[in-house]
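Student: I would like to work through this structure slowly, one question at a time.
Tutor: Then let us look at it together and begin with a single residue.

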Amino acid sequence: MNIIIETERLLLREILNTDLEGMFALDNNPNVHTYLGKNPILTIDKSQDYINNIRKQYVEHGIGRYAVILKETKHFIGWCGIKYITEPENGHVNFHEIGYRFIEDYWGKGYGYESAKAWLDYGFNTMNIKTIYASAHIDNKGSRHILEKLGMQTKNEFEWNKIPCIWFELENKTI
């Protein structure tokens, strides 16, 4: 895969095995998992499993979560991207979902919106996806704000793995 997306401050590229320490720092933080079931990763081996799974998605679906690299420092600060979901969720199956997760030190700086906007544009303009979906914990105001700022429409509330969520959708107006 040769997808590389650049924004003003960010480089979005494949997640590599060299991102292992950053992925562990991200998913080991309990604050990052506040709205994800409160189950942070406790061993670096689990982070490697996660990377392997993401890389498998690249092969199987040609897309997945991508590393977000801060251009200024070249540091891994989280991930963002479009994932092809094959498991049922909120009455949908086989759909494209946009998602993101960032290391806590990088919250509130606009990186979530900046990277998600770049992926939304890529999904609509390059991949010609008809509809992109997303979900967020009902109490995750930061994530919900990003999705709403992207123009995504709230559709309904639902429960995913016993987590109360809000479902968002945005249709591609260019196709």
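Student: Is Cys80 buried or exposed?
Tutor: Before answering, note that this is a predicted model, in which local features need pLDDT of at least 70, side-chain atom pairs count only at pLDDT 80 or more, and totals for chains, interfaces and linings use all residues. Residues are numbered from 1 along each chain as its sequence is written, and side-chain values use heavy atoms, with hydrogens and water left out. A residue is called buried under 20% relative accessible area, exposed over 50% and partly exposed in between, using a 1.4 Å probe and protein chains only. Because the relative accessible area of Cys80 is 0%, Cys80 is buried.

Student: Which residues does Cys80 touch, leaving aside those up to four places away in sequence?
Tutor: Cys80 belongs to strand S4, residues 75-85, where helices (H or I, at least four residues) and strands (E, at least two) are DSSP runs numbered from the N terminus. A contact means heavy atoms within 4.5 Å. With residues up to four places away in sequence not counted, Cys80 touches Arg65, Tyr66, Val68, Gly99, Tyr100, Ser115, Ala116 and Trp119.

Student: In what pattern do the helices and strands follow one another along the protein chain?
Tutor: The protein chain holds four helices and eight strands. Read along the sequence, with β for a strand and α for a helix, the pattern is β-β-α-α-β-β-β-α-β-α-β-β.

Student: In what order do the eight strands form the open sheet?
Tutor: Two strands pair if DSSP finds at least two bridges between them. The pairing in this open sheet is mixed, and the order of the eight strands is S1-S2-S3-S4-S5-S6-S8-S7. Each edge strand pairs on one side only, and these edge strands are S1 (5-6) and S7.

Student: How many bridges join S2 to S3?
Tutor: On its other side, S2 (residues 10-14) is joined to S1 by two bridges, and that pair runs antiparallel; there Glu6 stands opposite Leu11 in S2. S2 and S3 also run antiparallel, with Arg13 having Ala67 as its bridge partner in S3, and the number of bridges joining S2 to S3 is five.

Student: Which residue of the hairpin of S3 and S4 takes a positive phi?
Tutor: S3 and S4 pair in the antiparallel sense over six bridges, and the bridge partner of Arg65 in S4 is Gly81. The hairpin has four residues between the strands, and the residue with a positive phi, near 65°, is Lys74.

Student: Why is strand S3 described as largely enclosed by the rest of the structure?
Tutor: The reasoning rests on a count over residues 65-70, which make up strand S3. S3 is largely enclosed because the buried residues number six of the six.

Student: In which sense, parallel or antiparallel, do S5 and S6 run?
Tutor: S6 (residues 131-137) is largely enclosed by the rest of the structure, because six of its seven residues are buried. In S6, Ile132 is the bridge partner of His96. Two bridges join S5 (residues 95-102) to S6, and the strands run parallel.

Student: What covers the buried residues of helix H1?
Tutor: Helix H1 (residues 20-27) has six of its eight residues buried, so it is largely enclosed by the rest of the structure. Those buried residues are Leu20, Gly22, Met23, Phe24, Leu26 and Asp27. Their cover includes helix H2 (44-61), S4 and S5.

Student: What is the relative accessible area of Asn156?
Tutor: Asn156 lies in strand S7, residues 153-160, and touches Asn90, Cys165, Ile166 and Trp167, not counting residues up to four places away in sequence. Asn156 is partly exposed, because its relative accessible area is 27%.

Student: What radius of gyration does the protein chain have?
Tutor: The radius of gyration is taken over C-alpha atoms, and the globule rule is 2.2 Å times the number of residues to the power 0.38. For 175 residues, a compact globule would have a radius near 16 Å, so the protein chain agrees with its value of 15 Å.

Student: What percentage of the residues in the protein chain is buried?
Tutor: The C-alpha trace spans about 35 × 35 × 30 Å along its principal axes. Of the 175 residues in the protein chain, the buried ones make up 48%.
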